[in-house]
Amino acid sequence: MVLAGILAAGLASAPGFDALIVEIDRVVLAGRPMPPALLLDVRRLPDAGDRMRAVIYLRRSGLLTGSADAAHDLVQAAI
């Protein structure tokens, strides 16, 4: 019961898609590399379509570079 409450609180505090896009834009405009926590925020989005759109936005913005990751790993929901 306590674990369910902790998980629900974590998901409730996750940013929405629009807030995540604003954060990505802020990171790009500041010229900073992508913080690792940003991918956790993507995984916390409740809608799979929004997760996929966020991954595409990260890729097109130039923040998601480097070694290839399986798309399933990037867009699966955080548990």
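1. Reading along the sequence, you will find the pattern α-α-α-α-α. That is five helices and zero strands in the chain. Please keep in mind throughout that this is a predicted model.

2. A few overall values help to set the scene. Of the 79 residues in the chain, 24% are buried. The accessible surface comes to about 5300 Å², and carbon and sulfur atoms hold 64% of that area. Among contacts with a separation of 6 or more, 60% join residues 24 or more positions apart.

3. The core is a good place to start. The largest nonpolar core has 13 residues, and L20, I24, V42, A54 and L58 touch the most other members. Helix 2 (17–30), helix 3 (37–44) and helix 4 (48–61) are the elements that give two or more residues to this core. Helix 2 supplies the largest share, five residues. As general background, nonpolar side chains in soluble globular proteins tend to be buried together.

4. Helix 2 deserves a closer look. Its 14 residues should span 20 Å at 1.5 Å a residue, and the end C-alpha atoms are indeed 20 Å apart. F17, L20, I21, I24 and V27 are the buried residues here. Viewed down the axis of helix 2, the buried residues fall within an arc of 125°, so they line one face. These buried residues pack against helix 3 and helix 4. On the other side of helix 2, D18, V22 and L29 are exposed; you may like to note that V22 and L29 appear in that exposed group. Just after the helix, G31 takes a positive phi of about 75°.

5. Helix 4 can be described in a similar way. It has 14 residues and reaches 20 Å from first C-alpha to last, close to the 20 Å expected at 1.5 Å a residue. Its buried residues are D50, R51, A54, V55 and L58. They fall within an arc of 140° when seen down the axis of helix 4, so they too line one face of the helix. R59 and R60 are exposed, on the face turned away from the buried side. G62 follows helix 4, with a positive phi near 90°.

6. Two residues of helix 4 are worth inspecting in your viewer. Leaving aside residues up to four places away in sequence, A54 touches F17, L20, V42 and L45. M52 also lies in helix 4, and its 36% relative accessibility makes it partly exposed. The C-alpha atoms of M52 and V42 are separated by 8.6 Å, with the two residues 10 apart along the chain.

7. Where are the salt bridges? A search of the whole structure finds three. In helix 2, E23 and R26 lie three residues apart, about one turn, and their closest N and O atoms are 2.7 Å apart. E23 is partly exposed at 23% relative accessibility, and R26 is partly exposed at 47%.

8. In helix 3, D41 forms a salt bridge with R44, with 3.3 Å between the closest N and O atoms. These two residues are three apart, about one turn of the helix. D41 is buried at a relative accessible area of 18%, whereas R44 is partly exposed at 32%.

9. In helix 4, D50 and R53 are three residues apart, about one helical turn, and their side chains meet in a salt bridge at 3.4 Å, N to O. D50 is among the buried residues of helix 4, while R53 counts as partly exposed at 44% relative accessibility.

Note on methods: Residues numbered from 1 in each chain as written. Predicted model: local features only at pLDDT ≥ 70, side-chain atom pairs only at ≥ 80, totals over all residues. Heavy atoms only, no water. Core = buried A, V, L, I, M, F, W, Y, C linked by side-chain atoms within 4.5 Å. Buried < 20%, exposed > 50% of the residue type's maximum accessible area, 1.4 Å probe, protein only. Helix = DSSP H or I, 4+ residues; strand = E, 2+ residues; numbered from the N terminus. Contact = heavy atoms within 4.5 Å. Expected span 1.5 Å × (residues − 1). Arc of directions from axis to C-beta. Areas by Shrake-Rupley, 256 points an atom, 1.4 Å probe, with all protein chains shown as cover. Salt bridge = Lys/Arg side-chain N within 4 Å of Asp/Glu carboxyl O.
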